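The following exercises introduce a structure step by step. Please attempt each task before reading its solution.

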Amino acid sequence: MDMTLRRLVIGFFVFGLCSSLPAAAKSQAEYLQTLRLRPFKAWHFMWQAAVTHPIDYWLRHDRAERKEARGKVVDFLQGKEYLPEGFERVRVPGGKLTFEGALRLQDETPRPLVIVLPGTFGSHLSSYISDTAELLARGGHCNVLLLATRMSSTTMKKSGVVGSGGLLEGEDLRAVARWLRKDSPWAGTITRIGLYGVSLSGDYVIQALAGDSEGLFGAGLIVSGVYSSQDLARRIDGLAARLNVLKYAWARLFHRYLRLHLEDARTSTGLPIAAAEVKKLGLTDYAARLSFAFYEAEFKKRFGESFGPEDLIRACRTRDLAQKVRTPLLAIHSHQDIYLGFEQADLFAKAAVGNPNVALEYVDGAGHANYYIHSPAWFAGLLDTYFNYWLGDGD
């Protein structure tokens, strides 16, 4: 055998051997290693930054950019809603309920779909979540579905239900995923499904993944998660009651949103909560006075007569579910999150130790869920690369 032929034979042999080897497994560690190569740089755009961070405020951005960024904060606080460009309103069955949604398909080519969920009291068209969906769609790798939840005002009014704290919302998402894959008009254009949750809807993502024994989901991403809604409620109620009104004005704002939400719930569901009582309830009362009271018969039928409000609170503490997640799940959090703090995020990370599917990454500089304001380009990159890495062809 001459040298040329020998090299060809050896080459084919090596090629065959290499092609038979399994591809290198993807991992959260590998993804985070590349994410850290693009460090997040928070932009200081609020008025006080003119003095505290003058270079960032005056030189790196112009007046129009500062106005736009501050406007997004106001939109977030006021609950402004809008339908993102390229999205169409849809209705999505999820078990016994049907949810309002907004869908954007990139084209007819089969590709992954990411379900984007609003946070506490939020509409699926709230500006902060619509902005997020636009950034994700802009990457071009995924179809995107904005989806209301039981806690959304549209669902409460049309279906006459309230939020359960996450226990039933996880079931809703699994039912939605089954319908999307098998019976929806877009089933042929959906390859895999990802979940995105922010603030309280991060708990819904964990519940959905922890109970997913069918392989319905391919990845989950959480930004500024809660992980223990009752502990968060207790923290905010405590801060709202303090004398330093200016320092904790945001906590009182949470209570204002709660009052509006309770009024909607009272008129939509017929729960016997007097108007005067609405003014006295705090966030810590939501689970017992609203969620458990509304679903009590269903819970007792499913879990036994002894199932009570404290059992519901424990079932909704998602940091305890970290070891049950068998799907890639990344949680992004900030030490500057004044609303949630970071104690629960630390406890969630501790509970997830030993589970390679789950990772928590601190990306500091932003506050609560406002990475999309501080650096839209960085946030768009996070959304696109994470879901493409796990759901698509991306490395």
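A residue is called buried under 20% relative accessible area, exposed over 50%, and partly exposed in between, with a 1.4 Å probe and protein chains only. The model is predicted: local features need pLDDT of at least 70, side-chain atom pairs count only at pLDDT 80 or more, and totals for chains, interfaces and linings use all residues. Residues are numbered from 1 along each chain as its sequence is written, and side-chain values use heavy atoms, with hydrogens and water left out.

**Exercise 1. Describe the chain as a whole.**

Step 1. Of the 395 residues in the protein chain, 53% are buried.

Step 2. The radius of gyration (taken over C-alpha atoms; the globule rule is 2.2 Å times the number of residues to the power 0.38) is 23 Å, which agrees with the value near 21 Å for a compact globule of 395 residues.

Step 3. The protein chain holds 17 helices and eight strands; these are DSSP runs numbered from the N terminus, helices being H or I with at least four residues and strands E with at least two.

**Exercise 2. Determine how far helix α8 is covered.**

Step 1. Helix α8 covers residues 167-182.

Step 2. Twelve of the 16 residues in α8 are buried, including L168, D172 and W179.

**Exercise 3. Find the salt-bridge partner of D172 and place both residues.**

Step 1. A salt bridge requires a side-chain nitrogen of Lys or Arg within 4 Å of a carboxyl oxygen of Asp or Glu.

Step 2. D172 meets R150 in such a bridge, at 2.6 Å from N to O.

Step 3. D172 lies in helix α8 and R150 in the loop between β4 (143-147) and α7 (153-159), so the pair, 22 residues apart, links distant parts of the chain.

Step 4. D172 has a relative accessible area of 8% and is therefore buried; R150, at 10%, also counts as buried.

**Exercise 4. Compare this with the pair R302 and E298.**

Step 1. The closest N and O atoms of R302 and E298 are 3.5 Å apart in their salt bridge.

Step 2. Because they are four residues apart in helix α13 (residues 286-303), about one helical turn separates R302 and E298.

Step 3. R302 is partly exposed at 38%, and E298 is partly exposed at 32%.

**Exercise 5. Locate S123 and list its contacts.**

Step 1. S123 sits in the loop between β3 (111-116) and α6 (127-138).

Step 2. Its relative accessibility is 6%, so S123 counts as buried.

Step 3. Leaving aside neighbours within four places in sequence, S123 is in contact (heavy atoms within 4.5 Å) with E81, P118, I129 and S152.

Technical notes:
Expected span 1.5 Å × (residues − 1).
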